[in-house]
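User: I am a first-year student, and I would like a close look at one helix and at what surrounds it. Please begin with any irregularity in that helix, and then place it in the wider structure.

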Amino acid sequence: QQASPPTPASGAVQALPNAPLPTPTPLLVAADLRDGTDLSGPWHYSIDPFRSGIAGFHGEAPDSGQQRWRDVDVRQAMASDSRTLYEFDLARSPLASLPSSWLTHAAELRHYDGLMWYQRNFVAPAKRQGRYFLRFGAANYATRVYLNGQEVGRHEGGFTPFAFDVTRLLRDGSNQLTVGVDSQATEATVPPPVTDWENYGGITRAVRLIATPDTYVDDAWVRLTRDGRLAADVHLDGPQAANRAVRLRIAALGLDQTGRTDAAGNWRATMAAPAALVRWSPERPQLYDVSVEAGADRWRDRIGFRTIEVRGADILLNGRPVYLRGISMHEEELGAEPTRAMTPAASRALLSEIKDGLHGNFVRLAHYPHSEVTLRLADELGLIVWSEVPVYWRVAWGNPDTLKRARTMLAENILRDRNRAAIAIWSVANETPVNDQRNAFLRTLVADARQMDDTRLVSAALLVERDRAANHPVMTLADPLAPALDVLAINTYNGWYTPDRLRDLPASEWRVPADKPLIFSEFGADARAGFHDPANKQKFSEDYQADYYRATLAMAARLPSLRGMSPWILKDFRSPRRQNPDFQQGWNRKGLISETGERKEAFGVLADFYGTKRLDEGGV
Ligand code: GCB
């Protein structure tokens, strides 16, 4: 079912005429819970700044001496025939442990941006039956995969999973897997080259060899509909996908429902929600073991059930108003040398600061889809999630390829995560400049999100205009995208990027539509942990940051439609734009904790505010 399309404001630009939704295949939903061989660990790597493994020096196909994916013993080949030439030998190149970004493989790679080759061998399971997929959690940004010298596929986008069927290419014993990953952004990529975070090139999430029966459950989506019924959509892939018996079970609820797929391998069912169902909430993040059986396959996931909707300016979770006590975060683990490899422990260290330290119930996972490790943990801990695609700042709005990339990323993100109860909001963009092409681009993404998921809210982090003539902050939300969104979200930095005095912030005037929930998707100020300046309270001091939070929270308290916030940001994060030698040293310092976890004064200011709000759930 499709949610009724939002009514566009008069004069607003429509969505672009929609090409069909991009549907990534295979999807392998909940792949992280399937049986498989984890290919994490040591891989060989070799830089290729001129991309000579992809094209020769006149642009022709590369010659064999430049190819890194050849399935040969290079040293032996050269020793046995003096005419043989290889200039790359991955099998003898240095080793690094994956998943991780290459920025931390070696000191000289700290700023490498381009093509990197990775290679490892693995032993295929003996007595194979069924199908085998190579599944990548994420590789940033453009990836080519070769198995035993044969190309098996390509993928673009640094934050979403992809998989290739390699059943026929696997051989007994040792198999050689070669992966080229190119991190370089262009004007046409998503995100574009200029961002405010580190571009961690590499294979940053797990690579696994996953085994399934010939016909298997490629997609299953089990959820509460807006009217409180239980709905399931299942898609089988394989030679016996059509007209196949399917069984959905939630043992703890006594639910056992059977059905049959149609000719396309799809089964859709809705049923009354079992009376015993405990709805997922931050206070009680109940999850259930859910399985879908079809033929020899048994798909499983752990799923929470809740409803999320908007009524007037309220956000309703399970029918009750909720105030989003949140914070934003990047996918970057604590420590002085992060590599963007989100282990369960690394993710827990961050999310528990939000849940327990700040008394939060909400996290904005900025500015791209985060690891499924983090999404599963948010489900388990009870943190409501804002999930986003990296349509950030200035992308090539008029380029149809760029739109296709963004749509595919959004689809990959939503289809991966539709079973996560924690996710309440799909965000289609962050701080994008208003113009007709951009409006049409983003409307297309909004329509896609609604088509793929009619159970969640859609938003985008928007900018407001400041009245230049006024002598106190007068802020107006005039974005023509606003009518298309369920939740209005504003990034605001008065008193940090503007010369406003903090004491003037509480009296700011906000001209925003009153009939929709508003959240502050960002506000923040840099502070270098340990730098105190009580006398002058200069920018970059902990004192200024704490005062900035006090002033902004006082301002927030006066906004009648404000229903939550995700200040910028939990932890200091690497950003090449931030080079102030005294205070930043390559880090955006707007964290409430430093990169190594030291809490700044403002952490306590926000924790107190949220701690009080908790007693007053739903109130503003
Ligand atoms: C923003 C961006 C965020 C930046 C932040 C900042 O508005 O959305 O990505 O890091 O400001 O620190 O300026």
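Analyst: Helix H2 has a kink of about 30 degrees, and the kink is centred on Leu351. The model under discussion is predicted, and the description that follows should be read accordingly. Helix H2 runs through residues 344-357, which makes 14 residues. From the first C-alpha of H2 to the last, the helix reaches 18 Å, close to the 20 Å expected at 1.5 Å a residue.

Leu351, on which the kink is centred, is also one of the buried residues of H2. The others are Ala346, Ser347, Leu350, Glu353, Ile354 and Lys355. An α-helix has 3.6 residues a turn, so residues three or four places apart point the same way. With that rule in mind, one may read along the buried positions, for example from Ser347 to Leu350 and Leu351, and on to Ile354 and Lys355. The buried residues of H2 pack against three elements: strand S23 (324-329), strand S24 (362-365) and helix H3 (372-381).

The region just after the helix deserves equal care. H2 is followed by His359, which has a positive phi, near 60 degrees. Most residues other than glycine have a negative phi, and most peptide bonds are trans. Gly360 then lies in the loop between H2 and S24. Is Gly360 buried or exposed? Gly360 counts as buried because it has 25 C-beta neighbours inside 10 Å, and the cut-off for a buried residue is 20 or more. Apart from neighbours within four places in sequence, the contacts of Gly360 are Arg325, Gly326, Ile327, Ile354, Lys355, Leu383 and Tyr610. Two of these contacts, Ile354 and Lys355, are among the buried residues of H2 itself. The C-alpha atoms of Gly360 and Lys571 are 15 Å apart, although 211 residues separate the two along the chain.

Beyond strand S24 there is another backbone feature. Ala366 and His367 are joined by a cis peptide bond, with omega about -20 degrees. His367 is placed in the loop between S24 and H3, and both of these elements pack against the buried residues of H2. A second cis peptide bond joins Val190 and Pro191, with omega about 5 degrees. Pro191 belongs to the loop between strand S10 (174-182) and strand S11 (202-203).

Positive phi values also occur elsewhere. Leu28, in the segment before strand S1 (36-38), has a phi near 50 degrees. Leu28 is buried, because 26 other C-beta atoms lie within 10 Å. Lys537, in the loop between strand S32 (518-522) and helix H6, likewise has a phi near 50 degrees. Lys537, however, is partly exposed, because it has 16 other C-beta atoms within 10 Å.

Helix H5 offers a useful companion to H2. Helix H5 spans residues 436-452, with 17 residues, and reaches 25 Å from its first C-alpha to its last, close to the 24 Å expected at 1.5 Å a residue. Because 12 of its 17 residues are buried, H5 is largely enclosed by the rest of the structure. The buried residues of H5 include Leu442, Leu445, Val446 and Ala449. Their cover includes helix H4 (400-417), strand S26 (423-430) and strand S27 (457-462).

Those four residues of H5 also lead to the nonpolar core. Val428 touches Leu442, Leu445, Val446 and Ala449, among others, when residues up to four places away in sequence are not counted. Val389, Val391, Leu410, Val458 and Ala460 are also touched by Val428. The largest nonpolar core has 165 residues, and Val363, Val385 and Val428 touch the most other members. Helix H6 (residues 542-556) gives the most to this core, with 8 residues. In soluble globular proteins, nonpolar side chains tend to be buried together.

Finally, the domain assignment places the chain in context: domain 1 covers 34-211, domain 2 covers 216-308 and domain 3 covers 323-614. The C-alpha centres of domain 2 and domain 3 are 33 Å apart. At their meeting, 18 residues of domain 2 are in contact with 15 residues of domain 3. On the domain 2 side, strand S13 (216-224) and strand S19 (297-303) each supply at least two residues. S13 gives the most to that side, with 4 residues. The residues of that side comprise 9 nonpolar, 3 polar and 6 charged.

Key
Residues numbered from 1 in each chain as written. Predicted model: local features only at pLDDT ≥ 70, side-chain atom pairs only at ≥ 80, totals over all residues. Core = buried A, V, L, I, M, F, W, Y, C linked by C-beta atoms within 7 Å. Contact = placed C-beta atoms within 7 Å. Domains from an automatic or database assignment. Nonpolar A, V, L, I, M, F, W, Y, C, P; charged D, E, K, R; others polar. Expected span 1.5 Å × (residues − 1). Bend = angle between axes of the 7 residues up to and from the residue.
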